[in-house]
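Here's a quick briefing to read alongside the model. Have the viewer open and follow along.

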Amino acid sequence: MIEGQTNVRSSRFGAGAIDRIGQELGRFIVTTMDVPWQKAQPRIGAQPVAVLLVENMEIETLERQIAAAPQCDTVLAIGGGQAIDLGKYLAWQRSLRLVSAPTILSVDAFVTPAAGIRRGHRVEYVGQTTPDPLVIDYDLIRTAPPELNIAGVGDLLSIRTACFDWELAARANHSEFPFRAEDVTAARAILADTMAKADAIRACSDEGLRAIVEGYMRVNTLCLPAGHYRVEEGSEHYLFYELEERLKRPFIHGWIVGLGVHLLSRLQENRHTETVEFMDRVGLRYQPADMEIRRDDLVAALGNVRRYVEGRPDLWYTVINERPITSAWIAEAMATLKF
Ligand SMILES: [Zn+2]
C-alpha cells in the first residue's frame, strides 16, 4: 500500500476486480466509450441508469451531457483518460461518489484529482475528485493494446528530466516553488523502482501494470501536498506542448513525453544513454515515426521551443531557458531518431 497522501480514497487491485461492482453502487451512471464498455458491461453485474459516452471534452458538450443525465448515487467511470475525466467532471459537478476503473494505463487521469476538459483549444484542469474505490482489474486493462499500457511509463520517465530541470531552476534562483531536495530524491526512487520492473512492464504482467499504477500514486504523494508537479513535469512536456500547438493534433501522451525525455535528457547531458536503453527495453514507442512526426516539424519545434516557453509565463524555468538549442545540436539529435 502507498503511504502518504494520494487522491485515492480506496483501491482494489486484482484480475477480476471489477466483477459485479455494479451491485454495490445504488443508482449509478457509467461514463465510458464504446470499446471499454463492451468489455466491461458483461462483468459489472448490474444495469446503470444511464451510460454517457464520451463525445468530446469541450466544456459545452460536457455541460449538455450532464444536464440531460438522470439522478443517481454514484458515477462509475470505465475507460481511458477521457472516459475517466468525464466521470470526474460529472462526480464533481453533482457531488457524487466516484468509482474509477481504468481500462488502459496510457494516461494517469485515474489518480489525479482534477478533470481535464477543453475550453476552445486549450486543456484546463478543473474540480477535485477522489475515486472510492479505484478499481485496477489487470484482465480488463490487458484488453487494451500492450503498447498503450506501456505508454503509461512516459509520465514516470519524465521524472528523469523534470527533476534535473527543477534542480537547475533552483540553482539559478528561478524556482517558482520552494525547492525540496527530499522530493527530488523520493521521485528518483520512484523512477528507479519503475526502471527495475522493465521486463514486467514490457510483458504487461500483473506486476508490471501494478508498477505503473503505484508509480503514479507515489508521484501524487509528493505532488499533491506540494501543490505542483515539478518533479514529474518539465522541459520534456514543454516540447510536446510546442508540437501540439504546431501540429494541432493529439498524441499518445506517454509516447510524446518519451520523445521529449529522449531529446531533453540529451540537451541536459543527463543519463541520456541509460534512459534511452530503458525506453527500448520496456518497449515504449517514442520515435517520431511511431507518431507520424515529420523531421521538418520536429526540427522547427526544437528551434522554436525556447521562444515558445518564454511566451508562456505559466511554464516553469527549465533547461530550455538556459542551454541554447543550436542547429548543429539539432542535426546531431535528429540523427539518433527514426522518421
Ligand atoms: Zn504528462
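What follows covers the sheet, the metal site and a few local oddities.

This is a predicted model, where local features need pLDDT of at least 70, side-chain atom pairs count only at pLDDT 80 or more, and totals for chains, interfaces and linings use all residues. Residues are numbered from 1 along each chain as its sequence is written, and side-chain values use heavy atoms, with hydrogens and water left out. Two things to look at up front: an open sheet of six strands with parallel pairing, and a zinc ion held by Asp155, His237 and His253.

**The sheet**

- Six strands line up as S1-S8-S5-S4-S2-S3 in an open, parallel sheet; strands (E, at least two residues) and helices (H or I, at least four) are DSSP runs, numbered from the N terminus.
- The edges are strand S1 (11-13) and strand S3 (50-53), each of which pairs on one side only; two strands pair if DSSP finds at least two bridges between them.
- On average, neighbouring strands are turned by 15 degrees against each other, direction ignored; axes here are lines fitted to C-alpha atoms, for helices over the stretch in contact, and angles run from 0 to 180 degrees between N-to-C directions.
- As background, strands of a sheet pair through backbone hydrogen bonds, either parallel or antiparallel.

**Strand by strand**

- S1 pairs with strand S8 (residues 131-136) in the parallel sense over three bridges, and Ser11 has Leu134 as its bridge partner in S8.
- S5 and S8 are also parallel, with two bridges between them; here Ser100 stands opposite Leu134 in S8.
- S4 and S5 run parallel and are joined by six bridges, with Val75 partnered by Leu98 in S5.
- Five of the six residues of S5 are buried, so this strand is largely enclosed by the rest of the structure; buried means under 20% relative accessible area, exposed means over 50%, and partly exposed is in between (1.4 Å probe, protein chains only).
- Over at S2 and S3, four bridges join the parallel pair, and Ile29 stands opposite Ala50 in S3.
- The side chains alternate along S3: Ala50 and Leu52 point to one face and are buried, while Val51 and Leu53 point to the other and are not.

**Helices on and around the sheet**

- Helix H3 (residues 81-94) packs on the sheet, where it touches strand S2 (28-32), S3, strand S4 (74-79) and strand S5 (97-102); contact means heavy atoms within 4.5 Å.
- The direction of H3 makes about 165 degrees with that of S4.
- S4, H3 and S5 form a right-handed β-α-β unit; a crossover is right-handed if, with the strands pointing away from the viewer, the path from the first strand over the helix to the second runs clockwise.
- S2, helix H1 (residues 34-40) and S3 make a right-handed β-α-β unit too.
- Gln65 sits in helix H2 (residues 59-68) and is buried, with a relative accessible area of 8%.
- Setting aside neighbours within four places in sequence, Gln65 is in contact with Leu52, Leu53, Glu55 and Leu86.

**The zinc site**

- The zinc ion is coordinated by Asp155 (OD), Asp155 (OD), His237 (NE2) and His253 (NE2), at 2.1 to 2.6 Å.
- Donors are N, O and S atoms within 2.8 Å of the metal (3.2 Å for Na, K and Ca), and water is not among the atoms, so sites may look incomplete.
- Along the chain, the donors follow the spacing D-x81-H-x15-H.
- His237 lies in helix H10 (residues 235-247) and His253 in helix H11 (residues 253-268), so the pair ties together parts that are 16 residues apart in sequence.
- Both His237 and His253 are buried.
- The four donor atoms subtend angles of 53 to 148 degrees around the zinc ion, which makes the arrangement irregular.
- For the labels, four donors count as tetrahedral if all angles lie between 85 and 135 degrees; four count as square planar and six as octahedral if opposite donors are over 155 degrees apart and all others between 65 and 115; anything else is irregular.

**Backbone oddities**

- Most residues other than glycine have a negative phi, and most peptide bonds are trans.
- The peptide bond from Asp132 to Pro133 is cis, with omega near 0 degrees, and Pro133 is in strand S8.
- Arg20, in the loop between S1 and S2, has a positive phi of about 60 degrees although it is not a glycine; Arg20 is exposed, with a relative accessible area of 51%.
- Ser95, in the loop between H3 and S5, has a positive phi of about 50 degrees, again without being a glycine; Ser95 is exposed at 68% relative accessible area.
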